[in-house]
Amino acid sequence: MHQNMVEVRDLSKTFKRSNGEMLDAVKNVSFDIRQGEIFSLLGPNGAGKTTTISMISGLLTPTHGDATIGGHSITRQPLEAKKLLGVVPQEIALYPTLSARQNLEFFGKMYGLSGAALSKRADEVLEFIDLKDRQHDKIESFSGGMKRRVNIGVGLLHQPRLIYMDEPTVGIDPQSRRRILDTVKQMQTEMGMTVLYTSHLMEEVQEISDRVGIIDHGELIAVGTVGDLIQKVGEEDRLILKVGSQVVSELLLTRFRHEVEGVTGATHEQAHSNGSDGSATQPDGLIIVIARRGRRALPDLIRVANDSGLDIVSVEVREPDLEAVFLHLTGRELRD
Amino acid sequence: MQKILAIIWKELYITYTDRNLLVIMLATPLALALIISLAFSDLLSGSSDIPISNIPVAIVNRDQGVEMNGAAFNNGQTFINVLVPPANADEQTLADNALYQLTDAVVLSSVTEARAGVNNGTYAAAIIIPADFSERITYSQEHPTVEPASVEVYANPGASVSASIIHSIASSISNQIATGNIAIAATINALIERAQSDPAFGVQFGLISAAGGFQPDFAPAFSGETGAVAIERQTVEGRQVSFNPLVTFGSGQAVFFMLFTAMASANSLLEERRNWTLQRLIASPTPRYMVLLSKFVATFVTCVVQVLLLLVALTIIGSLLSGEFQIIWGTNILAILATVLVTALASAGLGVFVTSVVKTPEQGNVVGSLTAMAMGMIGGVFFSTQGIPVLGTLSRLTIIYWGVDAFGKLSVNRSDIEPNLIFLLLFGLVFFMAGWFIFNRRLNV
């Protein structure tokens with residue numbers, strides 16, 4: 001059996017814009033996805049995640065490079081590769097006037113299922129997504145969360161070895177989101193599936209992923225486990241001290257760096273926030289302190305600030321996460 | 001094959017459970033055909049051989065005539081001869097001549113009076129023959145060309161059907177006159193040339209002419225009896241039956257609304273792309289050509305079903321209104337089926353093409369509707385475009401013209417529909433292939 005479920009090599013895609021300019025949406029991306037792991041592609045909107053996956057799933061022809069699914073090339077053996085892949089698009093890719101069961105059975109036929117085998121699989125999937133009692137209802141009558149579950153069910157119907165899920169929790173309530181994330185873990189642990197997951201939500205990716213690829217401006221800038229990636233930025237916490245409109249002196253920042261144990265850096269940022277009535281903006285100063293064991297450094301930070309006559313309005317401690325990794329690698333926030 | 005059938009089934013299921021689409025596909029054309037049928041209920045009742053009768057028409061002949069080979073000809077007079085019964089015509093003559101029954105023609109001397117009569121509704125139309133009519137269309141050795149001549153049919157827009165009939169009659173008479181003139185000139189020229197090249201024949205012909213033995217009768221060349229105007233048709237049993245507007249208007253509506261159906265059905269490709277179901281299909285191990293072909297076949301089947309249902313419904317309506325069962329589409333079932341199939345193929349092909357060149361379903365709806373409307377206008381669904389300069393020619397580029405023409409021919413048991421079938425088949429295939437190529441290229445960016 002092939003060690004890697006997916007092997008992506010030098011995958012590139014160039015689009016021609018309407019003004020004639022060429023846009024390199026994906027640039028020489030290479031990575032592997034191991035059998036049975038949940039691999040997430042993380043990046044802001046427009047980073048190239050969907051384009052990369054669209055090439056892997058055969059929707060777009062690569063400008064350059066190739067990828068294999070279970071050893072089958074997506075450019076030379078596309079039908080063989082597609083048989084191993086289940087697709088769960090970000091959109092609710094279902095026929096609204098067909099019932100849940102009709103949708104499942106229709107797409108099942110597209111994967112070569114028929115007769116009793118198709119019916120049995122439809123039953124199993126309806127059971128899995130907990131919609132058996134609504135199986136004959138039209139999709140258009142379902143809630144957003146229920147539609148998402150059927151959307152996932154269609155991708156599971158032919159028992160693919162690899163399932164690709166593109167932002168499956170977009171636009172749904174927290175309860176449904178929780179349910180979907182549990183389902184993804186179940187697919188891995190109970191069904192032995194390999195999962196390729198894309199999201200711009202760092203928390204989700206961090207929770208479910210075995211390994212993560214960070215993509216930005218069409219380039220894969222880092223790949224590894226969440227732990228590996230966090231190590232890249234060191235195990236330092238970020239402490240965000242809100243000081244409102246008060247003046248922050250350079251002397252205070254220097255005292256933070258020299259008098260508080262564990263602090264390796266301190267900067268002052270001037271932001272603006274809306275007033276309570278939402279009509280005006282107010283200065284909203286922030287002191288960002290980088291510190292090892294940030295919680296332990298917090299009392300000393302507050303003491304030094306008070307000594308300098310500065311009132312700290314609020315404090316937030318951010319432990320190292322993928323957001324910090326992205327910030328470290330690109331110099332900007334993931335949500336920008 | 002299972003996948004193709006599954007996609008086709010899905011398409012048909014969605015189509016036939018969509019009430020809005022069903023209204024466009026079936027209810028609207030049926031309602032329109034019913035309204036038209038009721039308007040022509042006298043015609044369908046079988047109470048008269050020519051239910052449309054006595055269309056009031058004024059003829060103003062300003063033609064100055066010409067002299068040819070020593071004889072005077074006034075071709076404008078032919079309109080009067082054909083449409084206005086002689087003063088001494090007996091009842092049998094009047095009953096036997098279809099045109100005398102169809103029209104109630106009067107001769108006027110004033111164009112102004114004729115126009116005023118049309119404007120105030122006294123006449124459905126006025127045929128106004130210009131002063132140089134004969135001069136322009138007469139062919140002779142001295143004037144060996146036939147120039148375009150305009151016979152004005154001044155029509156009352158409130159009586160569009162009657163006016164359309166008068167327009168067709170005027171057009172047919174004009175053509176008959178032009179053809180007759182050329183035939184006469186050609187005959188005389190041939191005789192003169194032979195007389196010049198064969199002295200013996202020339203002497204003999206001269207003697208016969210001098211003795212009054214050569215008195216050609218060219219009157220039939222200008223007569224309506226030669227079939228200048230065909231408004232009758234025969235059933236298989238040879239019984240004369242009336243002109244049936246259900247065939248013309250019904251088939252026009254059927255083909256017209258089939259275009260809308262084809263556009264809407266093909267447009268679902270764009271909706272599927274927006275909803276990502278198309279991408280989901282393409283991401284499955286289903287060859288892309290299979291997806292597009294199935295869509296096309298589903299559109300085609302939808303069109304076929306729609307037209308067949310409408311043909312059957314119109315037959316039933318026609319039978320109910322006439323009080324007896326009438327097969328209004330003719331008896332050549334295979335040819336009718338072939339016409340339905342190629343018309344549906346052409347419509348589906350056009351639908352796929354329109355879908356391929358627009359970007360969004362909304363654009364598809366607008367462009368598709370405009371295309372269908374334009375085809376309807378040019379093709380003659382709303383008013384006859386035959387004989388109208390440019391439009392008449394353009395109409396031959398439309399599915400509607402060839403489809404309606406084929407149904408019309410079949411309804412009178414004519415079988416010369418090969419040009420119709422070939423045009424529609426080629427039209428469908430060319431547009432489908434072009435649409436397929438463009439859409440596939442756009443998907444595969």
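Which residue stands opposite Arg9(A) in E4(A)? I began with this question in a predicted model, and I found that Arg9(A) faces Asp66(A) across the pairing with E4(A).

**Entry 1, the sheet of chain A**

I then followed the strands around that position, and noted that E1(A) and strand E4 (residues 64-69) of chain A run antiparallel and are joined by 5 bridges. Strand E1 (residues 4-16) of chain A also pairs with strand E2 (residues 22-34) of chain A, again in the antiparallel sense, and here I read 9 bridges. For the register of this pairing I looked up Val6(A), which stands opposite Ile33(A) in E2(A), and Lys16(A), which stands opposite Met22(A) in E2(A). The connection between E1(A) and E2(A) is a hairpin with 5 residues between the strands, and Gly20(A), which belongs to the turn, has a positive phi of about 95 degrees.

Putting the strands in order, I wrote down an open sheet of 4 strands in chain A, E2-E1-E4-E5, with antiparallel pairing. E2 and strand E5 (72-73) of chain A are the edge strands; each has a single partner strand, and therefore one side of each is left without a neighbour in the sheet. As a reminder to myself when reading such registers, side chains in a regular strand alternate between the two faces of the sheet.

**Entry 2, the nonpolar cores**

Which residues have the most contacts inside the largest nonpolar core? I found a core of 64 residues, in which Val8(A), Phe31(A), Ile56(A), Ile69(A), Phe106(A), Val150(A) and Leu196(A) hold that place. The element that gives the most to this core is helix H3 (residues 100-110) of chain A, with 5 residues. I took Val150(A) as an example and, leaving aside its neighbours within four places in sequence, I listed its contacts as Leu94(A), Ala100(A), Ile129(A), Leu131(A), Ile139(A) and Phe142(A). There is also a second, separate core of 47 residues, which includes Val247(B), Leu311(B), Val340(B) and Val404(B).

**Entry 3, salt bridges**

I counted charged pairs next, and the structure holds 30 salt bridges over all chains. One of them joins the side chains of Arg101(A) and Asp123(A), with an N to O distance of 2.8 Å. Arg101(A) belongs to helix H3 of chain A and Asp123(A) to helix H4 (residues 115-128) of chain A, so this pair ties together parts that are 22 residues apart in sequence. Is Arg101(A) buried or exposed? Arg101(A) counts as buried because its relative accessibility is 11%, under the 20% limit, whereas Asp123(A), at 24%, counts as partly exposed. I also noted that this pair belongs to a network of salt bridges linking Arg101(A), Glu105(A), Asp123(A), Glu127(A) and Lys132(A).

A further pair that I looked up is Arg178(A) with Glu207(A), whose side chains meet in a salt bridge at 2.4 Å, N to O. Arg178(A) lies in helix H6 (residues 174-189) of chain A and Glu207(A) in helix H7 (residues 202-208) of chain A, so the parts tied together are 29 residues apart in sequence. Both ends are partly exposed, since Arg178(A) comes to 36% relative accessibility and Glu207(A) to 40%.

For a pair inside one helix I turned to Arg255(A) and Glu259(A), which form a salt bridge with their closest N and O atoms 2.9 Å apart. Both residues lie in helix H9 (residues 250-259) of chain A, 4 residues apart, which is about one turn of the helix. Glu259(A) counts as partly exposed, at 40% relative accessibility.

**Entry 4, chain B**

I closed with chain B, whose secondary structure comes to 19 helices and 8 strands. Of its 445 residues, 46% count as buried, and among contacts in chain B between residues at least 6 apart in sequence, 73% join residues at least 24 apart. The accessible surface of chain B comes to about 20600 Å², and carbon and sulfur atoms account for 62% of it.

Which residues make the nonpolar surface patch of about 350 Å²? I found Met373(B), Met377(B), Phe382(B) and Phe383(B). Phe383(B) sits in the loop between helix H16 (361-379) and helix H17 (391-394) of chain B, and with a relative accessible area of 34% Phe383(B) is partly exposed.

Key
Residues numbered from 1 in each chain as written. Chains lettered and ligands numbered in written order. Predicted model: local features only at pLDDT ≥ 70, side-chain atom pairs only at ≥ 80, totals over all residues. Heavy atoms only, no water. Core = buried A, V, L, I, M, F, W, Y, C linked by side-chain atoms within 4.5 Å. Buried < 20%, exposed > 50% of the residue type's maximum accessible area, 1.4 Å probe, protein only. Helix = DSSP H or I, 4+ residues; strand = E, 2+ residues; numbered from the N terminus. Contact = heavy atoms within 4.5 Å. Patch = residues over 30% accessible without salt bridge, like charges linked within 9 Å, V, L, I, M, F, W, Y side chains within 5 Å. Areas by Shrake-Rupley, 256 points an atom, 1.4 Å probe, with all protein chains shown as cover. Salt bridge = Lys/Arg side-chain N within 4 Å of Asp/Glu carboxyl O. Pairing = 2+ DSSP bridges.
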